[in-house]
Each structure stands twice: as C-alpha cells, then as structure tokens.
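Q: Got a minute to go through this one with me? I'd like to talk over the fold and a few side chains.

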Amino acid sequence: MAEEASTSPRGVNFEKTEEGGSAQDSPVARHRATVRYNRKAVQKVLAIDEWIEKQLPTLYSCGSDDVPAELSVDDVMEKEEEEREAFIRSSLEGCPADAGAMDAFVAELLKRMSKV
C-alpha cells in the first residue's frame with residue numbers, strides 16, 4: 001500500500017493510505033499519539049481548580065454541592081488575557097456576594113492564573 005505523509009501545523013506527522021484514510025484507520029496502527037504535559041503546570045492548574053471549588057460555596061453562601069455556577073480553569077485559560085475577567089464575572093452572574101467579595105475573588109483568581 002502506498003502511503004503519503006502529511007504534517008499538521010504542530011509538527012505531528014500522519015500517514016495517509018491509498019484509500020485516503022489515516023494509518024490509524026487501518027487494522028494495525030503504526031504509531032500512537034502521546035502528549036506530554038508539564039507536571040508542575042498541571043499541578044498548579046489542579047490547585048487553582050481546588051481553590052475555586054472551596055471559594056464558590058463561600059461566594060454563594062451555600063454548601064459545596066449546591067453551588068449553581070461552574071467555573072473551570074481550563075475554560076478561563078482558553079480566553080485571551082483581556083477577556084478573562086469579563087468571562088469570570090459572566091460565569092458567576094447572579095452571585096449573591098457583595099461587589100467587594102466578588103472583586104477580591106476575581107483578582108485572586110487572575111493572580112493565581114498568571115503564575116501558570
């Protein structure tokens with residue numbers, strides 16, 4: 001079977017078979033894709049996620065299982081730096097916390113995220 005290789009923008013090579021499918025579509029895949037993560041960065045993101053989970057019940061004055069909003073570090077990190085604060089505030093829209101508590105939460109979250 002003749003195969004041609006194509007390269008994705010991130011430098012990952014995929015082989016195509018004559019039928020147009022990728023090598024992974026064939027019965028015997030030649031390579032497995034693996035992704036390596038920076039362990040320290042992953043631990044920092046998990047620590048931020050845990051911090052958020054502890055803070056949201058305080059902001060909403062409820063139990064940890066009763067928080068009506070979800071906020072994921074991954075979702076916030078997908079946004080551009082300029083858009084993050086607005087995204088966090090829109091995700092927590094309707095939060096009964098006073099403006100000072102909300103401002104402190106947003107500022108601390110952005111500070112923690114800047115270290116990742």
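Q: How many disulfides are there?
A: The count comes to zero disulfides, where a disulfide is a pair of cysteine sulfur atoms within 2.5 Å. Bear in mind that this is a predicted model: local features need pLDDT of at least 70, side-chain atom pairs count only at pLDDT 80 or more, and totals for chains, interfaces and linings use all residues. Residues are numbered from 1 along each chain as its sequence is written, and side-chain values use heavy atoms, with hydrogens and water left out.

Q: Why is Cys95 not bonded to Cys62?
A: The sulfur of Cys95 is too far away for a bond, because the closest cysteine sulfur, in Cys62, is 8.9 Å from it.

Q: And Cys95, buried or exposed?
A: Cys95 is buried, with a relative accessible area of 13%. Cys62 is partly exposed at 25%. Buried means under 20% relative accessible area, exposed means over 50%, and partly exposed is in between, using a 1.4 Å probe and protein chains only.

Q: OK, zooming out. What is the secondary structure of the protein?
A: Four helices and two strands. Along the sequence the pattern reads β-β-α-α-α-α. Helices (H or I, at least four residues) and strands (E, at least two) are DSSP runs, numbered from the N terminus.

Q: How much of the protein is buried?
A: Buried residues make up 23% of the 116 residues.

Q: And what share of the contacts comes from residues 24 or more positions apart?
A: They account for 39% of the contacts with a separation of 6 or more. Contact here means heavy atoms within 4.5 Å.

Q: Let's do the helix packing. At what angle do H1 and H4 pack?
A: About 180°, with their axes 11 Å apart. That makes H1 roughly antiparallel to H4. The axes are lines fitted to C-alpha atoms, for helices over the stretch in contact, and angles run from 0 to 180 degrees between N-to-C directions. As for the wording, under 35 degrees counts as roughly parallel, over 145 as roughly antiparallel, 65 to 115 as roughly perpendicular and the rest as oblique.

Q: Which residues make that contact?
A: From H1 you have Ile48, Trp51, Ile52, Gln55, Leu56 and Leu59, and from H4 there are Ala101, Met102, Phe105, Glu108, Leu109, Arg112 and Met113.

Q: How do the residues of the contact divide into nonpolar, polar and charged?
A: There are 10 nonpolar, one polar and two charged. In this scheme Ala, Val, Leu, Ile, Met, Phe, Trp, Tyr, Cys and Pro count as nonpolar, Asp, Glu, Lys and Arg as charged, and the others, Gly among them, as polar.

Q: Any aromatics to talk about? How many pairs are there?
A: One aromatic pair. Trp51 and Phe105 are stacked, at 5.3 Å centre to centre with 5° between the planes. Trp51 lies in H1 (residues 39-60) and Phe105 in H4 (residues 99-114), so the pair ties together parts that are 54 residues apart in sequence. The rule is that rings of Phe, Tyr and Trp (its six-membered ring) pair if their centres lie within 6.5 Å; planes under 30 degrees apart count as stacked, over 60 as edge-to-face and the rest as tilted.

Q: Are those two buried or exposed?
A: Trp51 is buried at 13% relative accessibility, and Phe105 is buried too, at 4%.

Q: What does Leu59 touch?
A: Leaving aside neighbours within four places in sequence, Leu59 is in contact with Leu92, Cys95, Pro96, Ala97, Ala101, Met102 and Phe105. Leu59 counts as buried, at 6% relative accessibility. The C-alpha atoms of Leu59 and Cys95 are 7.0 Å apart, with their positions 36 residues apart along the chain.

Q: Switching to the loop between H1 and H2, where Ser61 sits. What is the phi of Ser61?
A: Near 55°, a positive value in a residue other than glycine. Ser61 is exposed, with a relative accessible area of 65%.

Q: And Ala69, buried or exposed?
A: Ala69 is buried, at 11%, and is also in the loop between H1 and H2. Apart from neighbours within four places in sequence, Ala69 is in contact with Leu56, Tyr60, Ser91 and Leu92.

Q: What about Pro68, buried or exposed?
A: Pro68 is exposed, with a relative accessible area of 65%. Pro68 and Pro57 are 11 residues apart in sequence and 9.3 Å apart in space, C-alpha to C-alpha.
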